[in-house]
Amino acid sequence: MADEFDVVVVGAGPAGENVAGRVARGGLSVAVVEEELAGGECSYWACIPSKALLRPVELAAEVGRVPGLATTPIDTAAVLARRDETVSHLDDGGQVGWVEGLPAEFVRGRGRLTGPKAVEVTGPDGSVRTLRARHAVALATGSRPAFPPVAGLAESSPWTSREATSVREVPGRLAVLGGGVVACEMAQALHGLGAREVTLLVRGGSLLGRVEPFAGELVAESMAARGIEVRTRAEVTRVERPAPGGPVTVHLASGAPVEADELLVATGRAPATGDVGLASVGLPERGPVEVDDSMRAVGVEDGWLYAVGDVNGRALLTHMGKYQARVCGDVIVARARGELDDLPALRAVADGYGAPQVVFTDPQVCAVGRTEAAARAEGFDVRAVEYDLGSVSGAYLLGDGYRGRAKTVVDERRRVLLGVTFAGPGVAELLHAATVAVTAEVPLERLWHAVPAFPTVSEVWLRLLEEYGL
């Protein structure tokens, strides 16, 4: 006999936990299946440990900008010890307890669809258990690192973000494939913690290619000032590591090869869908699960399957996965109660505006909504306004040589913000105000009355509006 629940959630990362929490709050019974650690990638190998490694590097840079404060070498061992504390020493007992307290049943093992509303779970001991859902199954299996097809790369035992954030001994020489968020963050973190030679190999022409160009330029300048080498237009042709654990050599189409002690591959992620049984319910086994705005999988008869977070490919960000999960959970509860017959969406609007994101480098980069190029490509009547963050009194007081920039993208027809980007030390805390302005479509004339305090960096809002002409 199969075990029955109202809802079965496959994946106990932040997205899966939030689905479970919402449906349990709605009075439905729920089972949560997890193969690895409850809490998921973000809690143990991504967001949390990476920021624990980056914070002391950021603080050291801050101290260095303020006269009268002495800088001391970073105690790498102490930083790694605190990192271990932030990830609970890879013990998910607390997270499992939270899931069970919802209440929900936590099931350890690999979950796989075997047919409509059926999930087969293979436990760590090889035992097999079948879970059946009365109302819904929600997939929250996340994503996995994607490797480019480079000869010898896989055989060279390269690092992924997991090895970088869980590092036990910082390598003396580090090569990094990629120029995105993980590449930039981990290059700075590991350099600050003792890697004497760090080289970024970027296939494109700039760092952080998905944000406004000035942001990547400021980060590249900061990298250069630290002694981190950034090679753009770098096409990797092959990788060699003759001895396990020995030096690795990265060969390029042009230019000298790079030799390092470790190679970090940070070239993107792909939805973890290859082994979850999608074919058993008529869906492609590879690629993201296509969903509607209520997170319901498209093409599944009776609409019982949902997918939230990285697995649906909409926005590979923890906070967006959690947002989608809250929407999804509420939709499942409403449908189970028969309150909604054909619901296209409840509050699923944030995806369409452009997800907020922070890059925790020094300088920090944060953005929400559309870039100027994206807005123009979509046919908006656009006006862009920029301002030098270092010219704001509050920024100047934070330290000598403060450098940064802010940019707003305005929909001229409606006079609302389509996108906002900040780059500069400590600007992450400016982002939520921008997110509110963009998603709430606050008219510029109304935004003008939101008076920023003096002397804070937030005064840049006033300066941007003045540059616009208000």
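The residues lining the largest cavity divide into 9 nonpolar, 1 polar and no charged. Start the tour there; the model is a predicted one.

**Stop 1: the cavity**

Select V385, T408, V410, L417, L444, L447, W461, L464, L465 and Y468, which line the largest cavity. Its volume is about 60 Å³. The count of cavities of 30 Å³ or more comes to 1. Now colour by element. β20, α14 (444–447) and α15 (460–468) each give two or more residues to this lining. Which element gives the most? α15 does, with 4 residues.

**Stop 2: strand β20**

Select 405–411, which is strand β20. Is this strand mostly covered or mostly open? Mostly covered: 6 of its 7 residues are buried. Add 382–388 for strand β19. β19 and β20 pair in the antiparallel sense, over 7 bridges. To check the register, pick V382; its bridge partner in β20 is D411.

Next add 416–424, strand β21. β20 and β21 run antiparallel, joined by 7 bridges. A406 has F422 as its bridge partner in β21. β20 and β21 form a hairpin, with 4 residues between them. Stop at R415 in the turn: its phi is positive, about 55°.

**Stop 3: the second largest pocket**

Move to E58, F360, Q364, A428 and E429. Of the 13 residues that line the second largest pocket, these are the closest to its centre. The space in this pocket is about 250 Å³. Show α3 (47–64) and α13 (431–439); each supplies at least two lining residues. α3 gives the most, with 4 residues. How do the lining residues divide by type? There are 5 nonpolar, 4 polar and 4 charged.

**Stop 4: helix α8**

Select 213–226 for helix α8, then draw a distance between its end C-alpha atoms. They are 20 Å apart, which agrees with the 20 Å that its 14 residues should span at 1.5 Å a residue. Show side chains for F214, A215, G216, L218, V219, S222 and M223; all of these are buried. The spacing is worth a look: an α-helix has 3.6 residues a turn, so residues three or four places apart point the same way. Step just past the helix to G227, which takes a positive phi of about 95°.

**Stop 5: strand β14**

Select 262–265, strand β14. Look at the side-chain directions. E262 and L264 point one way, while L263 and V265 point the other way. Such a pattern fits the rule that in a regular strand the side chains alternate between the two faces of the sheet. Are these four residues buried or exposed? All are buried. Add strand β8 (residues 173–177), which pairs with β14 in the parallel sense over 4 bridges. Within that pairing, L174 has E262 as its bridge partner.

**Stop 6: a three-stranded sheet**

Finish with an open sheet of 3 strands, in the order β11-β12-β13 and with antiparallel pairing. Select β11 (236–240) and β13 (258–260): these are the edge strands, each pairing on one side only. Neighbouring strands in this sheet are turned by 20° against each other on average, direction ignored. Add strand β12 (residues 248–252) and zoom in on its pairing with β11, which is antiparallel over 4 bridges. Last pick: V236, which stands opposite L252 in β12.

Notes:
Residues are numbered from 1 along each chain as its sequence is written. This is a predicted model: local features need pLDDT of at least 70, side-chain atom pairs count only at pLDDT 80 or more; totals for chains, interfaces and linings use all residues. Side-chain values use heavy atoms; hydrogens and water are left out. Two strands pair if DSSP finds at least two bridges between them. Axes are lines fitted to C-alpha atoms, for helices over the stretch in contact, and angles run from 0 to 180 degrees between N-to-C directions. Buried means under 20% relative accessible area, exposed over 50%, partly exposed in between (1.4 Å probe, protein chains only). The expected span of a helix is 1.5 Å times one less than its number of residues. On a 1 Å grid over the protein atoms alone, a cavity is a set of points where a 1.4 Å probe fits but cannot get out, and a pocket is an open set with protein on both sides within 12 Å along at least five of seven lines; lining residues have an atom within 4 Å of a point. Grid points are joined across faces, edges and corners, and a volume is the space filled by probe spheres set on the points. Ala, Val, Leu, Ile, Met, Phe, Trp, Tyr, Cys and Pro count as nonpolar, Asp, Glu, Lys and Arg as charged, and the others, Gly among them, as polar.
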